[in-house]
Amino acid sequence: MGVQKELFMAFFRVGMLGYGGGPASIPLIQKEAVETYEWMNDEEFSDILAIGNTLPGPIATKMAGYIGYRVAGTAGLLNAIVASIVPTVILMIALLVSLASFREYAWVQGMTQGVMPVVAVMLGVLTWGFLTKAKGDLGWKVVILLTVASVALTELAGVHPAIVIAALILFVLVKPVKKAGDRT
């Protein structure tokens with residue numbers, strides 16, 4: 001299978017199955033880009049996710065564009081973005097037309113409520129994977145400290161998550177790099 005077809009199929013699947021918006025699509029993008037097609041590793045995916053979260057706009061589209069560009073240049077960028085957007089456009093038109101007449105039925109309201117726990121579990125699995133990867137790089141003490149600080153800043157202090165992510169990226173960029181054999 002050619003790389004353009006792989007890109008299209010990967011992001012088409014994400015677009016079709018990413019019910020709940022961008023955050024719900026992130027685990028699906030990770031599965032396609034890291035596990036299925038091996039275009040990158042978990043660390044590279046984490047970097048793309050962090051950078052994507054600091055930029056405005058829908059995260060799934062930004063990630064599709066970046067991964068598409070990285071894999072196949074400008075044509076890959078356009079291919080991945082179209083593949084991730086087209087299913088949403090088609091499904092939105094079809095659902096809005098059909099569900100408008102059924103919106104008062106309990107089964108329609110239950111669809112959304114039934115999917116939310118599944119999305120929560122998918123995001124939880126992705127988060128746990130990031131935490132265990134970070135533990136290997138930073139150690140549990142630093143991971144727990146950063147997690148608690150991030151929750152406190154975003155949830156308790158009301159700081160926008162993009163500001164927290166940008167601050168962490170800035171910290172990583174300016175901190176001194178330890179060389180092999182350093183004890184400090």
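**Charged side chains of helices H2 to H5**

Glu43 has a relative accessibility of 41% and therefore counts as partly exposed (20% to 50% relative accessible area, with under 20% being buried and over 50% exposed, for a 1.4 Å probe and protein chains only). The model is predicted, so that local features require a pLDDT of at least 70 and side-chain atom pairs a pLDDT of 80 or more, whereas totals for chains, interfaces and linings use all residues. Residues are numbered from 1 along each chain as its sequence is written, and side-chain values rest on heavy atoms, without hydrogens or water.

Four salt bridges are present in the structure (a side-chain nitrogen of Lys or Arg within 4 Å of a carboxyl oxygen of Asp or Glu). Glu43 takes part in one of them, its partner being Lys133, with 3.4 Å between the closest N and O atoms. This pair connects distant parts of the chain, since Lys133 belongs to helix H5 and Glu43 to helix H3, 90 residues apart (helices being DSSP runs of H or I with at least four residues, numbered from the N terminus). Lys133 itself is partly exposed, because its relative accessibility is 29%.

A further salt bridge involves Arg70 and Glu44, whose closest N and O atoms are 2.9 Å apart. Here too, distant parts of the chain are linked: Arg70 is found in helix H4, which covers residues 59-99, and Glu44 in helix H3, with their positions 26 residues apart. Arg70 has a relative accessible area of 36% and is therefore partly exposed. Glu44 is likewise classed as partly exposed, because its relative accessibility is 28%. Helix H3 thus contributes Glu43 to the bridge with Lys133 of helix H5 and Glu44 to the bridge with Arg70 of helix H4.

Within helix H2, Lys31 and Glu35 are joined through their side chains by a salt bridge with an N to O distance of 3.2 Å. The two residues are separated by four positions, about one turn of the helix. Lys31 reaches 45% relative accessibility and so counts as partly exposed. Glu35 is also partly exposed, because its relative accessible area is 42%.

Helix H2 also contains Glu32. In contrast to the partly exposed Lys31, Glu32 is classed as buried, because its relative accessibility is 11%. The side chain of Glu32 forms a polar contact of 2.9 Å with the side chain of Arg13 (a pair of N or O atoms within 3.5 Å, of which, within protein, one must be able to donate a hydrogen and the other to accept it; residues adjacent in sequence count only through side-chain atoms of both). When neighbours within four places in sequence are left aside, the residues in contact with Glu32 (heavy atoms within 4.5 Å) are Ala10, Arg13, Val14, Tyr37 and Glu38.

Glu38, one of these contact partners of Glu32, is situated in the loop between H2 and H3. The backbone of Glu38 shows a positive phi of about 55 degrees, although the residue is not a glycine. Most residues other than glycine have a negative phi. Glu38 is exposed, because its relative accessibility is 64%. The contact between Glu32 and Glu38 accordingly pairs a buried residue at 11% with an exposed residue at 64%.
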